[in-house]
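User: I am new to this structure and would like a close look at a single part of it. Please choose one strand and describe its surroundings.

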Amino acid sequence: MENPKINDFDYFLFDLDNSLLNIPKPSEYFDNILLRTIEYFKREDPPKRNERDKFWRLDNHYIELLKVWGIYLENYGEFWKIFDNIDFKLRKFLINNNEIKLYSDVIDIFEKLSSFQKKLGIVSNTAMYIVDYTIEFFGIKKYIHYAFGLGYEKEQKIAKPSPEGIKYTLNKLNYNPNQSKAIMIGDSKVDIYAAKKANIYACLVKRGLNKYNQGYNDWKHKPDYIIDDLNDFSYE
Ligand SMILES: [Mg+2]
């Protein structure tokens with residue numbers, strides 16, 4: 001498999017968490033937030049780690065699991081509101097302590113993409129206000145033409161692996177598939193699935209093979225490119 005060439009594409013969409021932003025031990029980080037969110041709604045007897053791990057594999061069926069855990073809500077957007085609040089506080093703390101930071105290749109590729117007049121977007125499953133805070137804090141907002149993050153209402157349904165966020169973002173950037181090529185770069189299966197469902201190119205960035213991208217040879221939708229980090233983009 002060849003490395004992707006920058007000049008083969010006009011639109012570059014990036015996932016945020018663990019593609020641009022280095023969150024150490026992401027599965028522990030998000031499990032901790034999940035546990036604290038569960039405890040917010042149900043203080044006694046939270047599910048064990050192996051039970052909680054199922055939550056991330058259920059896509060839109062996670063509500064059934066929350067009910068099994070005894071969490072009944074009129075609007076499950078409330079669950080994500082609390083989840084995002086905890087994520088935001090923890091993330092802000094870790095960002096300000098330099099424990100969560102951008103990967104060292106990010107500014108370099110953003111500079112190059114800008115100099116080639118490429119369109120840049122972010123398509124994240126993280127809450128919009130958290131995406132905003134992050135790109136503002138790290139000074140990368142100026143490179144990004146549109147950033148897509150989630151809200152609380154029905155929006156879990158349009159989270160990746162749904163292609164909706166990608167389609168929405170490309171639409172905002174006046175993408176025309178007959179004239180331009182677009183690529184989504186992400187570290188997880190959901191990024192690759194969303195890209196292929198949106199009919200664009202998909203690039204898996206391994207970032208040292210975290211938990212989310214193991215076994216990609218068995219995925220139903222496979223990445224068009226697999227790179228170790230963003231320095232693997234070629235500039236010819
Ligand atoms: Mg990610």
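Analyst: What follows takes one strand, E6, and sets it within the chain. The model is predicted.

First, the setting. The protein chain has eight helices and eight strands. Its radius of gyration is 18 Å, close to the 18 Å that the globule rule gives for 236 residues, so the chain is as compact as a globular protein of that length. Along the principal axes, its C-alpha atoms fill a box of roughly 60 × 40 × 30 Å. Of the 236 residues, 33% are buried. Among contacts with a separation of 6 or more, 65% are between residues 24 or more positions apart.

Now the strand. E6 covers residues 182–186, and five of its five residues are buried, so the strand is largely enclosed by the rest of the structure. Its residues point in two directions: Ala182, Met184 and Gly186 point one way, while Ile183 and Ile185 point the other way. The residues on both sides are buried.

E6 pairs with strand E1 and with strand E7. E1, residues 11–14, runs parallel to E6 and is joined to it by four bridges. In this pairing, Leu13 stands opposite Met184 of E6. E7, residues 201–205, also runs parallel to E6, again with four bridges between the two. Here Ile183 stands opposite Tyr201 of E7. To get from E6 to E7, the chain passes through helix H8, residues 189–197, in a β-α-β crossover that is right-handed.

Next, the loop that follows E1, the partner of E6. Asn18 lies in the loop between E1 and strand E2, which spans 21–22. Asn18 is buried, because 22 other C-beta atoms lie within 10 Å and the cut-off for a buried residue is 20 or more. The C-alpha atom of Asn18 is 8.9 Å from that of Leu102, although the two residues are 84 residues apart along the chain.

Last, the domains. The domain assignment gives domain 1 as 6–22 + 102–232 and domain 2 as 26–96. The centres of the two domains, taken over C-alpha atoms, are separated by 24 Å. Where the domains touch, twelve residues of domain 1 are in contact with twelve residues of domain 2. On the domain 1 side, the residues that touch domain 2 are five nonpolar, three polar and four charged.

In short, E6 is a buried strand, paired in parallel with E1 and with E7.

Methods: Residues are numbered from 1 along each chain as its sequence is written. This is a predicted model: local features need pLDDT of at least 70, side-chain atom pairs count only at pLDDT 80 or more; totals for chains, interfaces and linings use all residues. The radius of gyration is taken over C-alpha atoms; the globule rule is 2.2 Å times the number of residues to the power 0.38. A residue is buried if 20 or more other C-beta atoms lie within 10 Å of its own, exposed if 12 or fewer, and partly exposed in between; C-beta atoms are placed from the backbone. Two residues are in contact if their C-beta atoms, placed from the backbone, lie within 7 Å. Two strands pair if DSSP finds at least two bridges between them. A crossover is right-handed if, with the strands pointing away from the viewer, the path from the first strand over the helix to the second runs clockwise. Domain bounds come from an automatic or database domain assignment. Ala, Val, Leu, Ile, Met, Phe, Trp, Tyr, Cys and Pro count as nonpolar, Asp, Glu, Lys and Arg as charged, and the others, Gly among them, as polar.
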